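Visitor: I should like to go through this protein model step by step, with the reasoning set out for each answer.

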Amino acid sequence: MAQILKNQGSHKILAIMTGLNGENPLQLIETAGRTAYQSRDKINDESANRFVDMIRRLGHESVLEHSAMTVEFNGVSRGLTHELVRHRVASYTQESTRYVDEKDFKVVLPPDKDENEKIVEVVLGQDGPVKVLTKLSVKDFIELNEQMYKGLRSAGWIPEDARQILPNGIESQIVMTANLREWRHVFKLRCSKKAHWEIRRVFVNLLKDVKERIPIVFDDFVIDESEITATIPVK
Ligand SMILES: Cc1cc2nc3c(=O)[nH]c(=O)nc-3n(C[C@H](O)[C@H](O)[C@H](O)COP(=O)(O)OP(=O)(O)OC[C@H]3O[C@@H](n4cnc5c(N)ncnc54)[C@H](O)[C@@H]3O)c2cc1C
């Protein structure tokens, strides 16, 4: 039975790039960045935070490109992943609907909508002058969609052909790798009030996580929990 997912999009940080000598991401950025000033002799246990903070405030964001992060997204729709892959300065690997049989697919729906509400009247056929009408809920429609997909597969359609009828909200998994500058750029666009609720929610949660793991790089983002948005206030 097709499952409905609400508020389940999540992230898992798979890796954050550090230096070979055990430097954390901030220390790696500092080591690379101090090349410009030939000032590696100033590196000490506390200097990375100060240095990266200075670099970020000055807007020398290219230095942040020396570290990168890989994140897995789960329980998100293909609508979300299509938005995500528009960010070109990143690498992606996504679950394939060409090779994976989607016989037990799940669909991500807006959390504030009732999937059981009989909301749309559809014409099923015509018996003489009389139209055969029924009222369907979104859940009914998704179940019909699932039956059709399974039917096509049983009729010999391979997954890459049967997938053509799958909904945009079908659940997917995607892994994204990008440097920290690009992550900042994606957070700016996808945590904004203008972004779609699904990607915004997932990215605000990821931002909370990275603000703890890599402070300084993401410190200037201010999260608004009530609206589930994040912005960099203009000073
Ligand atoms: C709220 C919202 C609504 C949207 N609505 C639509 C829509 O209706 N239709 C639609 O098609 N898209 C839409 N998009 C997608 C949007 O147009 C961008 O494709 C997407 O946000 C990627 O942004 P980007 O190019 O800045 O980022 P990235 O691809 O991540 O690139 C990062 C930065 O690198 C630089 N860069 C990357 N590639 C190049 C290049 N080839 N040449 C020069 N500089 C480059 C730019 O400075 C860019 O900002 C929407 C995005 C958002 C956030």
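The exchange below concerns a predicted model and takes up a helix, a cavity, a pocket and some single residues.

Visitor: What distance separates the end C-alpha atoms of helix H2?

Guide: Helix H2 comprises the 12 residues 47–58. At 1.5 Å a residue, a span of 16 Å is expected for H2. The model agrees with this expectation, since the end C-alpha atoms of H2 are separated by 17 Å.

Visitor: Which helices do the buried residues of H2 pack against?

Guide: The buried residues of H2 are Ser47, Ala48, Phe51, Val52, Ile55 and Arg56. They lie on the same side of H2, because the arc they cover around the axis is only 155°. An α-helix has 3.6 residues a turn, so residues three or four places apart point the same way. The partners against which the buried residues of H2 pack are helix H1 (25–37) and helix H6 (180–190).

Visitor: Which exposed residues does H2 carry on the face turned away from its buried side?

Guide: One of the residues in H2 is Arg57, and its relative accessible area of 58% makes it exposed, as the cut-off is over 50%. On the face turned away from the buried side, the exposed residues are Arg50, Arg57 and Leu58.

Visitor: How far apart in space are Arg57 and Ile216, C-alpha to C-alpha?

Guide: Along the sequence, Arg57 and Ile216 are 159 residues apart. In space, their C-alpha to C-alpha distance is 9.9 Å.

Visitor: Which residue follows H2, and what is the sign of its phi?

Guide: The residue after H2 is Gly59. Its phi is near 80°, and the sign is therefore positive.

Visitor: Which helix gives the most residues to the lining of the largest cavity?

Guide: The structure holds 1 cavity of 30 Å³ or more, and the largest cavity contains about 40 Å³ of space. Its lining consists of Asn7, Gln8, Gly9, Gly75, Val108, Trp197, Glu198, Arg201 and Val202. By character, these divide into 3 nonpolar, 4 polar and 2 charged residues. The greatest contribution, 4 residues, comes from helix H7 (residues 197–213).

Visitor: Which elements give two or more residues to the lining of the largest pocket?

Guide: The largest pocket holds about 240 Å³ of space. Its lining has 17 residues, and those nearest its centre are Ser77, Val108, Leu109, Asn168 and Gly169. The elements that supply two or more lining residues are helix H3 (78–84), strand E5 (106–108), helix H4 (138–154) and H7.

Visitor: How many residues of the lining of the largest pocket are nonpolar, polar and charged?

Guide: The lining of the largest pocket is made up of 17 residues. They divide into 9 nonpolar, 6 polar and 2 charged.

Visitor: Is Glu146 buried or exposed?

Guide: Glu146 belongs to helix H4. Leaving out residues up to four places away in sequence, Glu146 touches Met1, Ala2, Lys103, Asp104 and Phe105. Its relative accessibility is 5%, and the cut-off is under 20%, so Glu146 counts as buried.

Visitor: What distance separates the C-alpha atoms of Arg78 and Pro167?

Guide: Arg78 is part of helix H3 and is partly exposed, with a relative accessible area of 26%. Beyond its neighbours within four places in sequence, Arg78 is in contact with Gln94, Glu95, Thr97, Asn168, Ile170 and Ser172. Arg78 and Pro167 are 89 residues apart along the chain, and their C-alpha atoms are separated by 8.7 Å.

Note on methods:
Residues are numbered from 1 along each chain as its sequence is written. This is a predicted model: local features need pLDDT of at least 70, side-chain atom pairs count only at pLDDT 80 or more; totals for chains, interfaces and linings use all residues. Side-chain values use heavy atoms; hydrogens and water are left out. The expected span of a helix is 1.5 Å times one less than its number of residues. Buried means under 20% relative accessible area, exposed over 50%, partly exposed in between (1.4 Å probe, protein chains only). The arc is that of the directions from the helix axis to the C-beta atoms. Contact means heavy atoms within 4.5 Å. On a 1 Å grid over the protein atoms alone, a cavity is a set of points where a 1.4 Å probe fits but cannot get out, and a pocket is an open set with protein on both sides within 12 Å along at least five of seven lines; lining residues have an atom within 4 Å of a point. Grid points are joined across faces, edges and corners, and a volume is the space filled by probe spheres set on the points. Ala, Val, Leu, Ile, Met, Phe, Trp, Tyr, Cys and Pro count as nonpolar, Asp, Glu, Lys and Arg as charged, and the others, Gly among them, as polar.
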